Amino acid sequence: MPLLTHEETGSAAVARTHAVALAERPERESRPERRGPAPRGRSVWSRVRRAIYVLLGLLILGPVIAFVVGWLIFPVPSSDELAVDQVSQFTFADGSPLATVRPEGVNRRVVLLDEVPVPVRQAVLAAENRSFYSDPGFDITGILRAVYNQLTGGVGGGSTITQQYVKVITGEDDFSLIRKYKEVVLAVKITREQTKDEILENYLNVIYMGRSSYGIQAASQAFFGKDVKDLTVSEGAMLAGMIQAPSRWDPAKDLEGSQRRWTYVMDQMVDAGFITPQERAADAFPTNYLPEAPALDGIPADDRGHIYERARDEVIARGIVTEGEFNTEGLTVTTTVDPARQREAAEAAVEQLDGEDPDLRTALVAIDPRTGAIQSYYGGSDGQGTDYAGQGLRPPGSSFKPFVLAAAMARDPSIGLGSTYDGSSGQTLAGTVVDNSEGFDCARCTVETAMTRSINTIFYQLGLDAGPQNVIDTAHALGIPDNLFNEARGGVALGDQDVHPIDMASAYATLAANGVYHEPFLVSRVTAADGRVLYERAESAGEQRIDPGIARNVTESMLAVAESSRIGLSGGREVAGKTGTQQHPTLDRQNKDAWMVGYTPSLATAVWLGTDGSKPIQTAGGSPIYGRMIPGSIWQSYMNAALRGTPNEEFSPFVALGAPPYVEPTATPEPDSSSGDESSDSRDGDNNGDNNGDGDSGNGDNGNGNGNNDGNGDSGNSGDGNGNGDSTFGGFLDSNPGNSDGDG
């Protein structure tokens with residue numbers, strides 16, 4: 001054994017001894033020695049320690065894992081889902097209100113953030129989320145508070161503005177940890193996809209603020225009767241203080257509570273540095289709040305309701321917005337309707353129908369021939385009922401005759417206003433017996449006279465000469481829709497098929513514009529709530545549909561109609577027009593529909609009168625109504641009012657085509673003479689709706705109370721209309737006893 005030069009340390013000895021022991025241990029003794037159980041205290045502590053480790057891991061990794069899972073499974077609502085219902089405004093041409101549309105009662109009007117004053121925004125931040133511009137979309141202390149409330153049976157918790165926005169757009173408002181979990185995830189995702197300004201703008205437009213108002217703009221109107229851009233700091237603070245409980249803290253319901261919330265918001269604004277203490281001291285709780293929200297305008301129940309409905313249909317039909325977008329874009333739709341002229345149309349209808357059969361219905365449409373813009377649209381007094389201007393389909397009778405003349409002149413250039421035809425009544429034309437009004441006859445009459453006197457036999461012949469299909473094509477070219485008046489038969493010359501009043505106004509407007517067609521329209525401009533211009537009606541030169549010379553000659557043929565029917569315009573204003581009456585299909589000497597359509601260079605107006613069914617149209621005294629009577633009076637009253645103060649325009653220079661017009665010798669009419677009206681009948685023998693006795697018989701009754709008018713064949717209210725047969729056309733007419741009523 002070697003000598004030790006120094007003592008081994010304890011540790012070295014142990015190491016050496018252990019090494020020797022390992023080397024000298026027999027192989028059978030290599031199995032470790034079995035130890036006894038550890039002390040009980042050490043075992044419990046190990047378990048507790050492991051549990052703590054697991055709990056710490058869950059506390060650290062659990063939220064991360066949960067957030068990742070939520071990020072994957074909770075999608076941010078799409079743009080369609082984010083779109084909120086809001087109010088749409090319809091206005092007259094001058095911007096004055098026409099209708100307000102609130103989808104399902106929602107009162108919301110979206111505004112841009114720039115329209116909200118900065119102090120008002122700051123008041124909302126002070127009340128709801130001072131750290132909005134710096135937080136990630138959620139507030140951890142608020143979340144912990146919500147968890148605590150849930151575990152202890154409480155409700156609510158601190159939500160950021162972003163979380164509140166998520167709650168609104170998802171529609172989930174239940175008090176639960178699951179909802180908070182989803183809310184936080186979506187708040188972060190939205191914060192990554194939108195700027196803080198975008199989130200705040202959206203929030204201010206969707207949050208409920210009391211008095212049935214959604215969004216800051218609607219609330220501003222509901223509480224202060226002003227736009228949000230005009231709110232003061234104090235007013236903004238009052239509204240901001242109400243957000244948590246808008247119905248409860250309405251100052252009209254709980255003034256003390258509203259004042260307390262206002263004080264809190266103002267103090268928070270000082271703490272946040274939004275306002276100075278001096279500014280805070282100078283402000284006081286607003287006292288100009290409204291005791292209740294102003295009455296909300298809606299869709300009018302009167303004649304204006306029909307304007308709204310047609311304008312809405314036009315917006316969608318033109319593809320400006322879809323049905324789904326209509327309620328979410330916050331549209332402002334500007335119509336072409338002149339508010340004064342619309343009022344004048346309604347007044348004319350009401351005044352002329354006063355005291356008459358309550359079952360009578362009327363419609364009036366007025367169009368600017370130069371543009372196609374609808375100036376007045378009266379579909380009836382019940383805005384929720386049938387729109388007789390655009391939905392009512394009725395035969396126009398003799399007011400269709402100008403289209404016949406246009407077609408005939410296009411087919412045969414030799415035809416002119418001076419062309420003469422056999423105007424005797426009772427002629428058999430193409431197998432159909434055609435009568436004039438009450439046996440009115442003239443051996444040879446000019447086309448111009450035939451238009452003024454509405455001689456059926458002459459126009460039936462003109463229609464046959466032109467060809468019924470050519471008449472139809474001409475009517476379509478002028479503005480009658482292609483899906484109407486499609487049955488080519490002789491009766492088309494006498495207006496035996498259905499049209500809408502707006503169609504007649506449009507077609508006559510084309511004649512007024514010398515054959516240039518402008519599509520009639522009601523909508524001139526559409527904007528969205530965010531200021532985007534979705535549609536602006538462009539100026540159009542129109543489309544030349546028929547020869548301008550022919551259009552002007554047709555106009556010339558109608559210049560004497562209104563005056564001869566005693567419905568001429570004030571001041572001798574030049575006007576072209578035509579009356580029309582449709583006889584009752586089963587009752588003799590009774591009528592079903594009556595029209596007056598006429599125009600100046602700047603305004604074309606169609607008036608229809610009838611009933612909902614097939615009831616005969618009669619005056620209060622029981623006399624049949626013809627075109628020159630109530631419809632003519634409505635037309636005259638409206639045109640005079642609408643054109644009052646405007647220049648007395650003249651039509652373009654007249655150049656005769658074909659046979660030139662000439663003055664036929666006539667007897668001097670009595671001072672109060674007037675002509676009757678023509679009526680169309682669909683009772684001809686061929687059952688095709690051709691006219692048999694279509695002509696405005698007028699029954700000798702022009703409703704003027706003049707009695708029998710010898711020498712003119714017109715009557716007053718006598719009801720029998722018996723004249724002496726001495727008509728205004730003297731020797732050109734047979735001196736038949738009875739009525740010689742023509743166009744009135």
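How many bridges join β6 to strand β7, and in which sense do the two run? I looked that up before anything else. Four bridges join them, and the strands run antiparallel. A note to myself: this is a predicted model.

**Entry: β6 and its partners**

I started with β6, which covers residues 361-367. Six of its seven residues are buried, so I wrote it down as mostly covered. On the β7 side (residues 374-378), I found leucine 364 standing opposite tyrosine 378. The hairpin of β6 and β7 has six residues between the strands. In that hairpin I spotted glycine 372, with a positive phi near 90°.

Then I checked β18, residues 603-610. It pairs with β6 in the antiparallel sense, over seven bridges. Here isoleucine 367 of β6 faces alanine 604 of β18. I also jotted down a general point: side chains in a regular strand alternate between the two faces of the sheet.

**Entry: an open sheet**

Next I traced a sheet of five strands. It is open, its order is β2-β1-β5-β13-β14, and the pairing is mixed. Which strands stand at the edges? They are β2 (97-101) and β14 (533-536); each has a single partner strand, so one side of each lacks a neighbour in the sheet. From one strand to the next, the twist averages 15°.

I looked closer at the β2 end. Strand β1 (residues 88-91) pairs with β2 over four bridges, in the antiparallel sense. Serine 88 has valine 101 in β2 as its bridge partner.

**Entry: histidine 306**

Is histidine 306 buried or exposed? It is buried, with a relative accessible area of 2%. I placed it in helix α13, residues 304-317. Leaving aside neighbours within four places in sequence, I listed what histidine 306 is in contact with: Tyr377, Gly379, Gly380, Asp382, Gly383, Gly385, Thr386 and Asp387. Tyr377 took me back to β7, which spans residues 374-378.

**Entry: positive phi outside glycine**

I went looking for residues other than glycine with a positive phi, and wrote down two of them. Serine 454 has a phi near 55°. It sits in the loop between α17 (447-453) and α18 (456-466), and at 2% relative accessibility it counts as buried.

Phenylalanine 485 has a positive phi of about 50°. Its loop runs between α19 (468-478) and α20 (501-512). Phenylalanine 485 is buried as well, with a relative accessible area of 2%.

**Entry: cores**

How many residues does the largest nonpolar core have? It has 81, and those with the most contacts inside it are Phe90, Phe403, Leu462, Met504, Leu511, Met558 and Tyr599. Helix α20 gives the largest share of this core, eight residues.

I picked tyrosine 599 for a closer look. Apart from neighbours within four places in sequence, its contacts include Tyr508, Leu511, Met558, Trp635 and Phe651. Ala604, the residue opposite isoleucine 367, is also among the contacts of tyrosine 599. Another core, of 45 residues, lies apart from the largest one; Ala187, Leu231, Ala240 and Trp249 are among its members.

**Entry: ring pairs**

I found twelve aromatic pairs in the structure. Phenylalanine 90 and phenylalanine 326 make a tilted one, 6.1 Å centre to centre with 40° between the planes. Phenylalanine 90 lies in strand β1 and phenylalanine 326 in helix α14 (residues 323-326), so the pair ties together parts that are 236 residues apart in sequence. Phenylalanine 90 is buried at 0% relative accessibility, and phenylalanine 326 is buried at 0% too.

The second pair I noted is tyrosine 388 with tryptophan 608. Their ring centres are 5.7 Å apart and their planes are at 25°, so the pair is stacked. Since tyrosine 388 lies in the loop between β7 and α16 (401-411) and tryptophan 608 in strand β18, the pair ties together parts that are 220 residues apart in sequence. Tyrosine 388 counts as buried at 12% relative accessibility, and tryptophan 608 at 2%.

Ring pairs also link Phe400, Phe403, Phe485, Tyr508, Tyr599 and Phe651 into a cluster. I had already met Phe485 as a residue with a positive phi.

**Entry: the chain overall**

To finish, I noted some totals. The chain's secondary structure comes to 23 helices and 20 strands. Of its 744 residues, 52% count as buried. Its accessible surface comes to about 32700 Å², and 52% of that belongs to carbon and sulfur atoms.

Terms used. Residues numbered from 1 in each chain as written. Predicted model: local features only at pLDDT ≥ 70, side-chain atom pairs only at ≥ 80, totals over all residues. Heavy atoms only, no water. Buried < 20%, exposed > 50% of the residue type's maximum accessible area, 1.4 Å probe, protein only. Pairing = 2+ DSSP bridges. Contact = heavy atoms within 4.5 Å. Axes fitted to C-alpha atoms, helices over the stretch in contact; angles between N-to-C directions. Core = buried A, V, L, I, M, F, W, Y, C linked by side-chain atoms within 4.5 Å. Areas by Shrake-Rupley, 256 points an atom, 1.4 Å probe, with all protein chains shown as cover. Phe/Tyr/Trp six-rings, centres within 6.5 Å; stacked < 30°, edge-to-face > 60°.
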